[in-house]
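Please open the model in your viewer and keep the sequence panel beside it. The stops below are meant to be selected one after another.

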Amino acid sequence: MIQTENTAIVLRHADYRDNDRMVTLLSPSRGRLDAIIRNCRKPRSHNLNSGELFALGDYMLIEKGGHITVTSVRLIETFYPLRADYDRLTCGIYLLNLAEAVAEPEQEERELFMLLLHTLSRLTFSDQAWQPLLSGFLLHFSACQGFKPRLNHCVFCGKRIGEKEPAFFDAEEGGLCCSSCRRGRVPVALTPPQLRWMRQALQTGSASWINTPEAAAPFALLRNYVEQRLGRKIRSASQLPAD
Ligand SMILES: [Zn+2]
């Protein structure tokens with residue numbers, strides 16, 4: 001029997017038996033952890049909130065015979081205000097689902113963990129529009145999962161594409177496409193502010209996501225790109241507010 005303390009956030013939960021709950025946790029050092037929280041659905045349970053989606057805390061875990069049980073939790077943040085805003089809640093769930101789609105057991109996910117916390121904080125405690133927040137998340141998510149889109153040169157001919165030149169995005173090839181190479185293909189056109197924003201957002205990190213005009217963040221394009229790379233649709237995306 002091994003007992004460990006792990007900082008983690010709840011990505012998914014499912015009720016189990018009368019009072020228990022199964023949770024999927026994301027830990028920066030251990031990746032995905034599937035665990036059971038016993039008796040957490042009893043009204044007076046100390047662990048009542050620790051099995052909720054978005055619950056961030058230090059989870060004390062006991063591991064025995066391949067099963068992980070949560071024995072106690074020191075909650076750090078619940079991102080509670082998200083629950084009061086349906087649109088932002090669906091954005092938050094979409095982020096959790098993306099993290100769950102890539103996290104593997106015993107595989108470090110420090111960058112993804114920090115990115116998730118950072119984006120959830122902005123989504124919960126700022127009034128920044130959701131499109132730049134989610135677009136910024138998707139860009140950095142691509143980078144930390146090893147499929148950062150190429151945003152400086154045409155993916156076909158290698159020509160450098162300037163900020164004011166017409167640019168297109170080819171999701172299948174994973175980057176920009178110049179106007180000569182686009183012939184016969186159906187890449188998506190990018191506006192100069194969109195290209196500028198994506199370049200800046202990738203270079204400077206989340207500081208530049210703030211105060212971005214909504215139209216400068218090509219959310220639909222990035223969503224399509226990431227889902228194509230993952231090879232699957234993220235089901236909760238269909239619940240997102242209209243772009
Ligand atoms: Zn080209």
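The tour goes from the whole chain to its two domains, then to salt bridges and single residues.

**Before you start**

This is a predicted model, in which local features need pLDDT of at least 70 and side-chain atom pairs count only at pLDDT 80 or more, while totals for chains, interfaces and linings use all residues. Residues are numbered from 1 along each chain as its sequence is written, and side-chain values use heavy atoms, with hydrogens and water left out.

**Stop 1: the whole chain**

Show the chain as a cartoon and turn it until its C-alpha trace can be followed along the principal axes, where it spans about 65 × 35 × 30 Å. The chain has 5 helices and 8 strands; both are DSSP runs numbered from the N terminus, helices being H or I with at least four residues and strands being E with at least two. Walking from the N terminus, you meet these elements in the order β-β-β-β-β-α-α-α-β-β-β-α-α.

If you colour by accessibility, 51% of the 243 residues count as buried, where buried means under 20% relative accessible area, exposed means over 50%, and partly exposed lies in between (1.4 Å probe, protein chains only). Contacts, meaning heavy atoms within 4.5 Å, can also be sorted by their spacing in sequence: among those between residues at least 6 apart, 61% join residues at least 24 apart.

**Stop 2: two domains and the contact between them**

Select residues 2-77 as domain 1 and 81-235 as domain 2 and give each its own colour; these bounds come from an automatic or database domain assignment. The centres of the two domains, taken over C-alpha atoms, are 30 Å apart. In the contact between them, domain 1 takes part with 20 residues and domain 2 with 23 residues.

The size of an interface is often given as the accessible area lost when the parts come together. Between domain 1 and domain 2 the buried area is about 1,700 Å², with 67% of it given by carbon and sulfur atoms; the term stands for the accessible area (1.4 Å probe) that two parts lose on being put together, summed over both.

Which elements give two or more residues to the side of domain 1 that touches domain 2? To see this side, select strand E1 (2-16), strand E2 (20-27) and strand E3 (31-37), among which E1 supplies the largest share, 6 residues.

**Stop 3: salt bridges**

Side chains of opposite charge can pair when their charged atoms come close. The structure holds 15 salt bridges, each being a side-chain nitrogen of Lys or Arg within 4 Å of a carboxyl oxygen of Asp or Glu, and 3 salt bridges are counted between domain 1 and domain 2.

Select Arg32 and Glu100, whose side chains meet in a salt bridge at 3.9 Å, N to O. Arg32 also forms a salt bridge with Asp34, with the closest N and O atoms 2.9 Å apart. Arg32 counts as partly exposed at 22% relative accessibility, and Asp34 is partly exposed as well, with a relative accessible area of 35%. Adding Arg12 to the selection completes one network, in which salt bridges that share partners join Arg12, Arg32, Asp34 and Glu100.

Next, select Arg30 and Glu63, which form a salt bridge with their closest N and O atoms 2.9 Å apart. Arg30 lies in the loop between E2 and E3 and Glu63 in strand E4 (residues 56-64), so the pair ties together parts that are 33 residues apart in sequence. Both Arg30 and Glu63 are buried.

**Stop 4: two single residues**

Is Leu61 buried or exposed? Leu61, found in strand E4, is buried, with a relative accessible area of 0%. Leaving out residues up to four places away in sequence, Leu61 touches several residues, including Ile2, Leu25, Arg30, Leu33 and Val70.

Finally, move to helix H5 (residues 219-230) and select Glu227, which counts as buried at 5% relative accessibility. Apart from neighbours within four places in sequence, Glu227 is in contact with Tyr94, Arg232, Lys233, Ile234 and Ala237.
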